[in-house]
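Biologist: Please take a close look at one part for me: the annotated binding site and what sits around it. I'd like to see how the pieces fit together.

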Amino acid sequence: MKHKVAPSLLAADFTRLAEEIQFINDSEADWLHLDVMDGRFVPNITFGMLMVDAARKICNKPLDVHLMIEEPEKYISDFRKAGADIITVHIEACPHLHRTLQQIRETGAQAGVALNPHTPVSALEDVIEDLDLVCVMSVNPGFGGQKFIYNTLPKLRRLKDLVTVRNAQVLIEVDGGVGLQNAEKILQAGADVLVAGSSVYKAEDPADAVARLKDIGGE
Ligand code: DX5
Ligand code: ZN
């Protein structure tokens, strides 16, 4: 399967949000990635369901909603109602992860789990069949434009092995510091979805940046 590219709206020009979201429809982007931050789980505050709802009205591709918030279980149905197709929670914020994943799937959304850089792949061993996507953070969550942590590459290979051995129907997403300079290595290590904020929205030609990220590995 050809890998997917999910531009992160966090790096967009917020004075031109409608156009920046419309760009997803007009480019080769597969999904729009939306970073929800609460100022508690991460040291930054971004936006909530109102933004997802607004994006839904413009975007005709799947909305990949990354919840960097505490107690995400309280807001899952709200984000689903707002139009999220994939809802990703952080494993570090979920003491009852299995229940939270079930809750996401019951809304009809796909269930994702994000791992901070220090969280080992082994934390997923008993839950890998209960999720649709694993988001491997390749920066410490909270801000766009950070440097890719290279230790993510062996971590991706370990995750790919786990998914293969268990024959799990799980997409591997990589989030943070992804761009043309490292995308090939990330894909070779096992990624299926590249989240790209700055490397797309801050590029001189964002559509070309998406096309080039899609082109890696041929086809
Ligand atoms: C970081 C967010 C990322 C971020 C990626 O906490 O989860 O999705 O927007 O931005 P770049 O690609 O600029 O690192
Ligand atoms: Zn994200």
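Modeller: A strand, as I use the word, is a DSSP run of E with at least two residues, and strands are numbered from the N terminus. By that rule, Asp-175 sits in strand β7, which covers residues 171–175. Keep in mind that this is a predicted model.

Let's start with the record. An unreviewed UniProt entry places a "binding site" at His-33, Asp-35, His-66 and Asp-175. Those positions are spread over 143 residues of sequence, yet they cluster in space, with a largest C-alpha distance of 10.5 Å.

Several strands bring them in. His-33 belongs to β2, residues 32–37, while His-66 is part of β3, residues 63–68. Asp-175, as I said, comes from β7.

Now for burial, where the cut-off is 20 or more other C-beta atoms within 10 Å. His-33 has 30 of them, so His-33 is buried. His-66 counts as buried because 28 C-beta neighbours fall inside 10 Å. Asp-175 has 27 inside 10 Å, so Asp-175 counts as buried too.

The contacts show how these residues are linked, if we leave aside neighbours within four places in sequence. The contacts of His-66 include His-33, Asp-35 and Asp-175. His-66 also touches Leu-34, Val-36, Thr-88, Ala-114 and Cys-135. From its own side, His-33 meets Ala-6, Pro-7, Ser-8 and Leu-9, along with Asp-64, His-66 and Val-195. Asp-175 is in contact with His-66, Cys-135, Met-137, Ser-138 and Val-195. So Val-195 is on the contact lists of both His-33 and Asp-175, and Cys-135 is on those of both His-66 and Asp-175.

There's another "binding site" listing in UniProt, again from an unreviewed entry. His-66 and Asp-175 turn up there as well, and among the others are Ser-8, Gly-142, Phe-143, Gly-144, Gly-145, Gly-197 and Ser-198. Gly-176 and Gly-177 complete that list.

One of these, Gly-145, is a bit of a contrast to the buried residues above. Gly-145 lies in the loop between β6 (133–137) and α5 (152–165). With 13 other C-beta atoms within 10 Å, Gly-145 is partly exposed.

Next, the ligand. Ligand 1 is surrounded by 21 residues, the closest being Ser-8, Pro-141, Gly-144, Gly-197 and Ser-198. Ser-8, Gly-144, Gly-197 and Ser-198 from that group are also in the longer UniProt listing I just went through. Three elements, β2, β8 (193–196) and α7 (198–201), each give at least two residues to the shell around ligand 1. By class, that shell has twelve polar residues, seven nonpolar ones and two charged ones.

Finally, go just beyond Asp-175 along the chain, into the loop between β7 and α6 (183–188), where you'll find Leu-180. Leu-180 has 14 other C-beta atoms within 10 Å, so Leu-180 is partly exposed. Apart from neighbours within four places in sequence, Leu-180 touches Ser-199, Arg-212 and Leu-213.

To pull it together: His-33, Asp-35, His-66 and Asp-175 come from well-separated stretches of sequence but cluster in space, and His-66 is in contact with His-33, Asp-35 and Asp-175.

Methods. Residues numbered from 1 in each chain as written. Chains lettered and ligands numbered in written order. Predicted model: local features only at pLDDT ≥ 70, side-chain atom pairs only at ≥ 80, totals over all residues. UniProt positions renumbered as here; feature names shortened; annotations may be inferred. Helix = DSSP H or I, 4+ residues; strand = E, 2+ residues; numbered from the N terminus. Buried ≥ 20, exposed ≤ 12 C-beta atoms within 10 Å, placed from the backbone. Contact = placed C-beta atoms within 7 Å. Near = placed C-beta within 6 Å. Nonpolar A, V, L, I, M, F, W, Y, C, P; charged D, E, K, R; others polar.
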